[in-house]
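Subject: Handing over the structure

Dear colleague,

I am passing this structure on to you, and below it you will find my notes on what turned up when I went through it. Please read them with the sequence and the model open beside you.

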Amino acid sequence: MPWDGNEVIVSSDSSDGWESDTDVKEVSSDVKPAVIPAAVIELDKELTPQDIISRRAEMYQEYMKQIPVPSLHGSAVPFNTWQELARSLKLLYKQPLHYLTNICLKQWDKARIGTNNEYLPLDGVIHPRKAEATIWLMEEVHRLASSHHHLANLWLLDPMHQAFVDPVFKQI
């Protein structure tokens, strides 16, 4: 294959297999060097904050997909707010909840402000087992059917998103 100048020649004269920037050599026509298209090598590309957030969101979503939603639940945990119930479930089942679940529960708590039952404990308004089942159903949807691109976009808009990303409780 003739050399057209758009390729990088890789040689391995050093003992560790790594080349320094000064190890570029002339190649005679009888030597067959390893040739890598220049388009493949992106030496000057720096990661942007968007790239980093996108990669974190992808890793997070892949991790959350691996955690099975508890199949046995219905513990009738007393609670005053959705977020309080979520904290109890995280401790009881030793599992994190998805970022989107945490955000949704926060919004549901805000939605109660101004209602006639705002000051009543939520477990007096919604049966605790139904509330728990609702959280786990929503959690399953978020774990299995959410796009990491959507997460990354939300995280880019919210510099405090880490406040709603639960720490890891168990190893997979």
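K90 counts as buried, at 12% relative accessibility, where buried means under 20% relative accessible area, exposed means over 50%, and partly exposed covers what lies in between, for a 1.4 Å probe and protein chains only. Its side chain meets that of D166 in a salt bridge, at 2.9 Å from N to O, the term standing for a side-chain nitrogen of Lys or Arg within 4 Å of a carboxyl oxygen of Asp or Glu. Because K90 lies in helix α2 (residues 82–93) and D166 in the segment after α5 (148–157), the pair ties together parts that are 76 residues apart in sequence. D166 is buried as well, with a relative accessible area of 13%.

Before going further, please keep in mind that this is a predicted model, in which local features need pLDDT of at least 70 and side-chain atom pairs count only at pLDDT 80 or more, while totals for chains, interfaces and linings use all residues. Residues are numbered from 1 along each chain as its sequence is written, and side-chain values use heavy atoms, with hydrogens and water left out.

The structure holds 4 salt bridges, and two others among them can be described here. E139 forms one with R143, the closest N and O atoms being 2.6 Å apart, and both residues lie in helix α4 (residues 128–145), 4 residues apart, or about one turn of the helix; helices here are DSSP runs of H or I with at least four residues, strands are runs of E with at least two, and both are numbered from the N terminus. E139 is buried at 0% relative accessibility, and R143 is buried at 1%. K65 is bridged to E62, with 3.6 Å between the closest N and O atoms, and these two sit 3 residues apart in helix α1 (residues 49–66), which separates them by about one helical turn. Here K65 is partly exposed, with a relative accessible area of 37%, and E62 is partly exposed at 41%.

Turning to the aromatic residues, the structure holds 5 aromatic pairs, counted when the ring centres of Phe, Tyr and Trp (its six-membered ring) lie within 6.5 Å, with planes under 30 degrees apart called stacked, over 60 edge-to-face and the rest tilted. One of these pairs joins F79 and W82, which are tilted, at 6.4 Å centre to centre and 40° between the planes. F79 is buried at 1% relative accessibility, and W82 is buried with a relative accessible area of 6%. In addition, Y60, Y99 and W155 form one aromatic cluster.

A smaller point concerns T115, which lies in the loop between α3 and α4 and is partly exposed, with a relative accessible area of 32%.

Finally, a word on confidence: the protein averages a pLDDT of 80, and 71% of the residues score at least 70, pLDDT being the predictor's confidence in each residue, from 0 to 100. Among the elements of the protein, helix α3 (residues 99–111) has the highest mean pLDDT, 97, and strand β1 (residues 7–10) the lowest, 44. Over residues 5–29 the pLDDT is below 50, and beyond near neighbours in sequence this stretch has 25 contacts in the model, a contact meaning heavy atoms within 4.5 Å. Where pLDDT is low, the predicted coordinates should not be read in detail.

With best wishes
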